[in-house]
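Student: Please take a close look at one part of this structure. Pick the part, and walk me through what sits there and what it meets.

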Amino acid sequence: MQLGLKNRLRLISLLPIIILFALSSYFVYNSFINYKMAQQLQEKLNQNKLLNEVVGNVARERGMSSMFLGNKTENILKSLNEQRKIVDEKTEKYLNYIENNELLHKHTSEGGNAACLTCANMQ
């Protein structure tokens with residue numbers, strides 16, 4: 001099969017364009033995947049920050065509870081009740097965050113909620 005001069009010139013001019021298009025498509029796709037991974041990492045960091053607040057306040061409540069058991073005074077009871085309200089607020093804020101954030105959930109068609117690690121941790 002003989003290629004004419006016009007067809008050879010088309011082939012020579014289109015081949016580099018096709019190669020450049022394929023390479024640029026690969027890099028765009030790779031950048032998109034990295035961007036999605038960075039978003040998920042940011043959401044995990046935000047989740048860990050909220051969880052750290054919950055754990056810190058629970059530890060503070062535990063300390064106040066032990067103080068109240070050792071010395072039952074009205075001031076310690078008042079502080080303990082305020083700390084319990086703070087713990088409840090932080091816990092509610094954390095649970096709302098992980099329930100409503102789509103990036104933290106990875107539901108698959110096979111397992112549904114059972115395969116999602118975030119949903120399992122919430123239970």
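Tutor: Start with a term. A helix here is a DSSP run of H or I with at least four residues, and helices are numbered from the N terminus. The model is predicted. My pick is helix 2, which covers residues 74–100.

Some context comes before the detail. The protein chain has three helices and zero strands. Along the sequence the pattern reads α-α-α. Helix 1 spans residues 5–70. Of the 123 residues in the protein chain, 17% count as buried. Among contacts with a separation of 6 or more, 47% join residues 24 or more positions apart.

Now go to the salt bridges. How many does a search of the whole structure find? The count is two. In one of them, the side chains of Glu-53 and Lys-90 meet at 3.4 Å, N to O. Glu-53 belongs to helix 1 and Lys-90 to helix 2, so this pair ties together parts that are 37 residues apart in sequence. Neither partner counts as buried, because Glu-53 has a relative accessible area of 28% and Lys-90 has 26%, and buried means under 20%. Both are partly exposed.

Next, take Glu-61 and Arg-84. Their side chains also form a salt bridge, at 3.5 Å, N to O. This pair links distant parts of the chain, with Glu-61 in helix 1 and Arg-84 in helix 2, 23 residues apart. Are these two partners buried or partly exposed? Glu-61 counts as buried, because its relative accessibility is 18% and the limit is under 20%. Arg-84 is at 36%, so it counts as partly exposed. The general point is simple. Side chains of opposite charge can pair when their charged atoms come close.

Move one place along the chain, to Gln-83. Gln-83 lies in helix 2. Its relative accessible area is 5%, so Gln-83 is buried. What covers it? Leave aside the neighbours within four places in sequence. Gln-83 is then in contact with Asn-57, Arg-60, Glu-61 and Met-64. Glu-61 appears in that list, and Glu-61 is also the salt-bridge partner of Arg-84.

Tyr-94 is another residue to check in helix 2. Tyr-94 is buried as well, with a relative accessible area of 12%. Beyond its neighbours within four places in sequence, Tyr-94 is in contact with Gln-47, Leu-50, Leu-51 and Val-54. Two distances place Tyr-94 against helix 1 residues. Tyr-94 and Glu-53 are 41 residues apart in sequence, yet 9.0 Å apart in space, C-alpha to C-alpha. Asn-46 and Tyr-94 are 48 residues apart in sequence and 9.8 Å apart in space, C-alpha to C-alpha. Asn-46 sits in helix 1. Asn-46 is partly exposed, at 24% relative accessible area.

Now the surface. Asp-88, Glu-89, Glu-92 and Glu-99 gather there in a patch of negative charge. Glu-99 has its place in helix 2. Why can Glu-99 belong to a patch? Patch residues need over 30% relative accessible area and no salt bridge. Glu-99 clears the area limit because it is partly exposed, at 43%.

For a patch of another kind, look at helix 1. Leu-15, Ile-19, Leu-23, Tyr-26 and Phe-27 make a nonpolar surface patch of about 520 Å². Leu-15 is found in helix 1. Leu-15 is partly exposed, at 47% relative accessible area. For scale, the accessible surface of the protein chain comes to about 9,900 Å². Carbon and sulfur atoms hold 60% of that surface.

Back to helix 2, to put the picture together. Gln-83 and Tyr-94 are buried. Lys-90 and Arg-84 each form a salt bridge. Glu-99 is one of the residues in the negative surface patch.

Note on methods. Residues numbered from 1 in each chain as written. Predicted model: local features only at pLDDT ≥ 70, side-chain atom pairs only at ≥ 80, totals over all residues. Heavy atoms only, no water. Patch = residues over 30% accessible without salt bridge, like charges linked within 9 Å, V, L, I, M, F, W, Y side chains within 5 Å. Areas by Shrake-Rupley, 256 points an atom, 1.4 Å probe, with all protein chains shown as cover. Salt bridge = Lys/Arg side-chain N within 4 Å of Asp/Glu carboxyl O. Lys, Arg positive; Asp, Glu negative; His and termini not counted. Charge placed at Lys NZ, Arg CZ, Asp CG, Glu CD. Helix = DSSP H or I, 4+ residues; strand = E, 2+ residues; numbered from the N terminus. Buried < 20%, exposed > 50% of the residue type's maximum accessible area, 1.4 Å probe, protein only. Contact = heavy atoms within 4.5 Å.
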